Structure formats: structure tokens, C-alpha cells
Amino acid sequence: MIPGKKYIYRVGVTDYWSEWFEYQTPSADDNKFSFIYLGDPQNDLKSQWSRVIRAAYSHAPDCGFMLYCGDLINRAGRDVEWHEWFHAGSFIYGMVPQVMTPGNHDYNGLMLDPHWNAQFTQPANGPEGLEGTCFVIDYKNLRLISIDSAADSELRNEDGFKLEAQKVWLDSVLQANTKEWVIVTTHLPFYSTKENRDNKHLRENFQPILEKYKVDLVLSGHDHSYGRGRFTDNPQNGHKVMYVVSVSGPKMYEAGYKDWMEHSGAFKQLYQVISINGNELKYESFTAGGELFDWFSLKKKKGGKTIFTGK
């Protein structure tokens, strides 16, 4: 395929064919692109989440891909819920690549929803046994990494294979990184927006690795409210990652008062447009009605310093 060229395709057999879909391959220019980030869709997908994905697509129809931070549906294995998810996005899924990390609702106990890898072709370049859920994608000057924090009962088994394997793998893909920007996506937040929740085990196991390699941004879901901020449990490491928690579906909770949050919100269905242009990243969060709710930018200077601008 030729970079930056538009193609059309359809799928079917004999007398039964879909409509024609149009998509455009990424340009050869590594400097400028955008993508959409969506927190948990999960509930009332046809009736109430559909307007969010459609608003996001209308806002940024030329986005490179759409990124989901887990809990695509509410009950793993339910055909009717997957039907609603596909109905909500409709033709968008045929025109824009979809990238997703699984949430706890995408598992049934310790078993990943069998629909997941049957429906989605995610990279299989992660640790053995986590194909399609833990992976790395290089897109222009971005390295995007999915950590499966919903596996093995939310990685709470400190001696579990899926925790240790992902730590070793994460260190290796970050050590080998040559891209200017690094974003990690995972379902469970490193820092929770909910007053009575805390995922300290994630920070203890993964945060030193993120800080060692100066990861820029972690995008997550799970808490059904909004929060973002630069924070660390290890100030001696000299780097603070920007952490974001967001929700796109209609299941929404209060946001607690947490020290880590620089901006927060509750009871808002949101979508985010993240744009990268060379050494500058611009993050914007919008309500389902298209109103700007939050924003910040990160600009990298020579010598490794990153300048933050925002609310």
C-alpha cells in the first residue's frame, strides 16, 4: 500500500456484500497526526454511548485511530452487547482502525471474552498468553503500549506470570524504543479518581519502569469519572508521568478529592483528541456536546526537558 493514499473496499460473498468503505493509509510524514481516546463505553451502548463515538468521529474524521481503555461492554460473552457496540460505531469501524486494551468487564473471571480475539486483530507481539491484549504499536513518531491490567484478577497476584511477564516485556520494549513519544494504555488507573480506590500494586510494579524511560502519558479508564495530573510515588526518579482517567459511557461516578489530580470532573461523557506534531503533543477533552472540558500540551526541548502548558 502507498502511504497517504485512499482505498475503498467491501466484504461479502456471492450475492451478499457490504457497502463500500473508504480509508486512508498513514502518510509518510512522521510529524503530524491525531487519535481519539475513549474511556469505558460499557453500558447502554446503542442508546447513550453511540452519540459519543459519533461526536468524536465528526470532530476528528481524519484521526489515525481510535483507542479504548477497556470495558467495551458490560458482561463478557454477551452477543447482544457486542451487537450494540458494533451498531453504535457502525461504519466508523470500517474506516478508522480501532485499538483496545481490555478491562475487567471484558473478562469472565480469569478468562478473556472469546469474542475479543475473534473480532479484533490486535498485535500479537506481547508476552506469550497475552496475545491481543498486551502489545506495542509504532505509529509515526509514537510508541503506543498496551498493558493488560485486567488479566489474572487485575494483576493482584504478585507472583503471577502475567504480572511478571508484562514487567519484563515492558522494560524491553521501552529500552528498544526509538520513537519521540511514548504513551501507555491500560484499564486500571495508576492513580484512581474514586475516593475509596487505589491501585498501589500497579505503581509498585510498573511505575519505576515508566519513569526510568520517561514515558510521557498513561491513558486509562475503570473509575467512570475524570482526572488527570502529573504525579509520582518516587520523586527521586526525577520524572513525572502524566496520568489520565476518563469515561465515555453513561455509567458515571463522583470524582474524589485526590492529591494527584490537577483537573477533575464527574458525570460527564467525554472523548479526547490527542494530536502530535513533531516535538509537541496537544491533548483536548470534550463533552458529548462538543464543548472543550480540559486541555494541556507537552513540548519537548533539546536536552530532554518537557514543557507543560495547560489549565
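**Entry 1: Arg-230 and its partner**

I began with Arg-230, which is partly exposed at a relative accessible area of 30%, and I noted at once that this is a predicted model. The side chain of Arg-230 meets that of Glu-262 in a salt bridge, with 2.9 Å from N to O. I then looked up where the two residues sit: Arg-230 belongs to strand 14 (residues 226-231), while Glu-262 is in the loop between strand 15 (241-245) and strand 16 (263-265), so the pair ties together parts that are 32 residues apart in sequence. Glu-262 counts as partly exposed, at 33% relative accessibility. Following shared partners, I found that salt bridges join Arg-228, Arg-230, Glu-262 and Asp-294 into one network.

**Entry 2: other salt bridges**

I recorded a count of 15 salt bridges, and I looked up two further pairs. Lys-212 and Asp-171 meet through their side chains in a salt bridge of 3.5 Å, N to O. Because Lys-212 lies in helix 7 (residues 200-212) and Asp-171 in helix 6 (residues 161-175), this pair ties together parts that are 41 residues apart in sequence. Lys-212 counts as exposed at 54% relative accessibility, whereas Asp-171 counts as partly exposed at 21%.

The other pair is Arg-78 with Glu-81, whose closest N and O atoms are 3.9 Å apart. Is Glu-81 buried or exposed? Its relative accessibility is 8%, and since buried means under 20%, Glu-81 counts as buried; Arg-78, at 37%, counts as partly exposed.

**Entry 3: the largest pocket**

I turned next to open space, and noted that the largest pocket holds about 900 Å³. Its lining has 34 residues, and those closest to the centre are Cys-63, Gly-64, Met-95, Val-96 and Pro-97. Among the elements that give two or more residues to this lining are strand 1 (6-9), strand 5 (32-38), helix 2 (79-89), helix 3 (92-95) and strand 10 (135-139). By class, I wrote down 19 nonpolar, ten polar and five charged residues for the lining of the largest pocket.

**Entry 4: the second largest pocket**

Which residues are the closest to the centre of the second largest pocket? For this pocket, with a volume of about 390 Å³, I found Lys-214, Asp-216, His-239, Gly-304 and Thr-306, out of the 19 residues that line it. The elements that give two or more residues to the lining of the second largest pocket are strand 19 (292-300) and strand 20 (306-310). I closed with the classes of this lining, which has six nonpolar, four polar and nine charged residues.

Terms used: Residues numbered from 1 in each chain as written. Predicted model: local features only at pLDDT ≥ 70, side-chain atom pairs only at ≥ 80, totals over all residues. Heavy atoms only, no water. 1 Å grid on protein atoms, 1.4 Å probe; cavity = no way out; pocket = protein on both sides within 12 Å on 5 of 7 lines; lining within 4 Å. Points joined across faces, edges and corners; volume = space filled by probe spheres on them. Helix = DSSP H or I, 4+ residues; strand = E, 2+ residues; numbered from the N terminus. Nonpolar A, V, L, I, M, F, W, Y, C, P; charged D, E, K, R; others polar. Salt bridge = Lys/Arg side-chain N within 4 Å of Asp/Glu carboxyl O. Buried < 20%, exposed > 50% of the residue type's maximum accessible area, 1.4 Å probe, protein only.
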